[in-house]
Amino acid sequence: MKKTGRPFILFCALAVAGTALAGAPAVRAAAPALSVTVSMERPTAHYYRVVVRADGLAGAAQDFKMPVWTPGYYRIMDYAKNVRDFRAEDGSGRPLPFEKTAKNVWRVRTGGSTTAVVSYDVYAFNRFCADSYLSDDGGFITPAGMFMHVGGRLKDPVTVTVVPAPGWTEVSTGLEPVPGRPGTFTAPDIDTLYDCPILVGNQEVLAFEAAGRPHTVAAYDLGAVDRARFTGDLKRIVEAAAETMGELPYRHYTFLVIGPGGGGLEHLNSTAVALDPGSLATPRGYQGWLAFIAHEYFHLFNVKSIRPIALGPFDYDRENYTDLLWFSEGATVYYEYLLLDRAGLMSRDEVLDRLGSTVASYENAPGRRRQPAALSSFDTWTGFFGRNEHAAASTISYYDIGCGLSLLLDLRIRAASGGRASLDDVMRALYRTYYKEKKRGFTARELRDACEKAAGAPLGEIFDVYARTTEPWDYAKPLAPAGLAIDLEPKPVPEPWFGASTQDQNGKAVVTAVEEGSPASLAGLCAQDEILAVDGRRVEARSLAQALGERKAGDRLEVLYARRGQTGRTEAVLTERRRPSWRITPVADPTPSQSAFLEAWLKLP
Ligand SMILES: [Zn+2]
């Protein structure tokens with residue numbers, strides 16, 4: 001580990017290595033090329049200034065386009081809405097006329113000029129891994145929402161220059177640095193540019209080597225976490241992934257910790273993750289953070305290189321549909337636990353505990369009997385992010401159910417092949433065949449073929465029934481060869497059932513969703529009601545949860561609520577709710593073959 005105090009030293013070292021390995025892309029003025037410059041003179045105004053210069057143009061007009069989404073975050077973001085003061089000129093500074101032809105397209109009348117320079121401001125005040133942020137504490141750039149490209153020219157090489165705000169010294173990104181030109185980077189094409197977010201400011205920078213490659217952690221705030229332990233654990237995760245897959249498809253990798261909030265996004269040779277340092281204070285919180293990082297990191301393989309055919313080359317103008325996100329996301333969740341186990345950071349019992357919790361989270365979800373995993377994947381563009389009451393009642397998380405499908409796939413492949421193959425072999429085969437040889441994504445049929453080849457047996461139950469319908473699954477059979485059992489017996493849940501989810505809105509307990517058939521539903525409560533008092537006592541979000549926790553099934557609650565400016569009174573009778581725990585545990589007296597199966601699967605006792 002090395003903390004670099006001075007900016008750019010690490011980047012320059014990497015650039016030299018990069019040049020020696022592959023040669024820097026040559027950019028000539030006349031050849032088709034894009035150069036973009038982003039500056040940020042007054043961070044508290046939250047506007048980046050962007051200049052895009054396109055060379056080697058031909059024709060009377062060019063479309064300058066801002067993507068409507070960024071890969072990995074399957075939601076239309078309409079980044080063009082943040083643009084203002086668009087201007088265009090030719091290579092000698094003469095203004096060029098332009099018009100908007102779509103929400104994200106500016107058509108510039110270049111009149112045969114081979115160069116066009118467009119400039120604009122981008123509003124950025126949303127600290128989120130799929131958006132951009134700028135204030136006096138630093139900046140984060142999601143390139144798909146910052147840099148326009150010329151329509152039809154996604155293969156153009158790009159030079160990126162980042163001019164930090166006064167007093168800021170660090171620019172952290174997976175882009176290739178240009179030696180001797182601090183803040184200047186190159187990308188071989190637009191797809192690479194859009195896959196390399198940029199953190200700028202005075203962030204802490206840590207460096208470590210793993211599997212023979214340089215790795216950087218650039219962090220807005222790591223709190224009190226032990227730096228040596230943290231980078232040491234990251235190194236173990238990287239090495240576990242490299243050993244699982246056989247190689248690493250990058251020359252250098254950067255972990256960008258962008259600040260407080262939630263979520264993370266995978267990229268080509270970097271990841272951008274939010275972090276609340278307080279969450280690292282407990283051992284379980286720290287382990288959860290490592291699992292989260294392992295997830296984003298393993299995406300380097302699963303979704304970035306091992307990918308469904310719909311996910312690249314991307315269409316940046318619209319939704320890119322696939323019904324395989326249950327595999328791209330769910331298997332990545334599954335590998336969080338496998339990698340942590342292989343890295344010696346999560347015990348077998350902890351893995352089984354987390355797998356059981358994941359199974360419970362989708363099996364107990366109201367949408368389990370309504371939406372299959374494949375449909376959940378396909379409908380992510382409208383159903384997954386920004387969830388409302390309807391989504392909570394009707395959809396399923398392809399992360400969770402995809403982890404369950406991956407678990408069953410792995411167990412089935414291991415059992416059917418007599419322990420000779422596993423999901424690892426499928427991952428390596430997909431990586432080799434589609435990423436390295438065919439240089440394309442795979443179809444649903446090809447994914448299934450790869451799994452069936454590894455198993456040496458048909459897997460129709462998993463692919464046709466479990467992934468595509470809402471039929472119940474048989475867990476006991478695939479878990480048995482590992483000497484594991486799952487608790488399917490419905491037992492009373494400790495807390496009595498009320499059935500209304502509430503959110504704290506400035507101290508108010510506002511109902512966000514009411515489960516069908518629940519006591520809250522039978523009492524006539526509905527979303528957007530504010531719960532004012534229970535049994536004559538004023539409640540807020542926190543005290544409501546506390547009040548419910550102190551009751552038992554059969555208790556009657558008198559609820560005073562407000563709806564559309566009027567108050568109302570109703571009575572809810574709390575009931576007992578019985579559910580299986582879905583806990584996965586080893587059987588008491590496993591056979592030698594069951595013990596061997598389990599030990600081959602989860603290494604760390
Ligand atoms: Zn993911």
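How many bridges join β19 to strand β21, and in which sense do the two strands run? Five bridges join them, and β19 and β21 (residues 270–274) run parallel. This is a predicted model, in which local features need pLDDT of at least 70 and side-chain atom pairs count only at pLDDT 80 or more, while totals for chains, interfaces and linings use all residues. Residues are numbered from 1 along each chain as its sequence is written, and side-chain values use heavy atoms, with hydrogens and water left out.

## Strands around β19

Helices (H or I, at least four residues) and strands (E, at least two) are DSSP runs, numbered from the N terminus. Two strands are said to pair if DSSP finds at least two bridges between them. Besides its pairing with β21, strand β19 (residues 253–259) pairs with β18 (residues 213–219) in the parallel sense, over five bridges. Phe255 of β19 takes part on both sides: Val217 stands opposite Phe255, and Phe255 stands opposite Thr271 in β21.

Strand β19 is mostly covered, with seven of its seven residues buried. Buried means under 20% relative accessible area, exposed means over 50%, and partly exposed lies in between (1.4 Å probe, protein chains only).

Helix α3 (residues 227–245) joins β18 and β19 in a β-α-β unit that is left-handed. A crossover is right-handed if, with the strands pointing away from the viewer, the path from the first strand over the helix to the second runs clockwise.

## Strands around β12

Strand β12 (residues 158–163) also has two partners described here. Six bridges join β12 to β2 (residues 33–39), and these strands run parallel. Four bridges join β12 to β15 (residues 184–187), and here the strands run antiparallel. Val160 has a partner in each: Val36 of β2 stands opposite Val160, and Phe185 is the bridge partner of Val160 in β15.

## Helix α12

Helix α12 (residues 423–437) has 15 residues and reaches 20 Å from its first C-alpha to its last, close to the 21 Å expected. The expected span is 1.5 Å times one less than the number of residues. At the N-terminal end, Ser422 caps α12 with a side-chain oxygen 3.1 Å from the backbone nitrogen of Asp424. A polar contact is a pair of N or O atoms within 3.5 Å; within protein, one must be able to donate a hydrogen and the other to accept it, and residues adjacent in sequence count only if both atoms are side-chain atoms.

The buried residues of α12 include Leu423, Asp424, Val426 and Tyr434. The buried residues pack against α3, α5 (325–328), α6 (330–342), α11 (398–416) and α13 (444–455). Contact here means heavy atoms within 4.5 Å. After α12 comes Lys439, whose phi is positive, near 55°.

## The zinc ion

His295 (NE2), His299 (NE2) and Glu329 (OE) coordinate the zinc ion at 2.0 to 2.1 Å. Donors are N, O and S atoms within 2.8 Å of the metal (3.2 Å for Na, K and Ca); water is not among the atoms, so sites may look incomplete. Along the chain, the donors follow the spacing H-x3-H-x29-E. Both His295 and His299 are buried.

## Backbone geometry and single residues

Most residues other than glycine have a negative phi, and most peptide bonds are trans. Val303 has a positive phi, near 120°, and lies in the loop between α4 (283–298) and α5. Pro313 is found in the loop between α4 and α5 too, and a cis peptide bond with omega about -5° joins Gly312 and Pro313. Asn506 also has a positive phi, near 55°, and is found in the loop between β24 (500–505) and β25 (508–514).

The table lists the relative accessibility of four residues.

| Residue | Relative accessibility | Class |
|---|---|---|
| Val303 | 7% | buried |
| Gly568 | 14% | buried |
| Gln594 | 16% | buried |
| Asn506 | 82% | exposed |

Gly568 is found in strand β29 (residues 566–573). Not counting residues up to four places away in sequence, Gly568 touches Val559, Leu560 and Tyr561. Gly568 and Asp78 are 490 residues apart in sequence and 41 Å apart in space, C-alpha to C-alpha.

Gln594 has its place in helix α18 (residues 592–601). Leaving aside neighbours within four places in sequence, Gln594 is in contact with Ala480, Pro481, Ala482, Gly483 and Val587.
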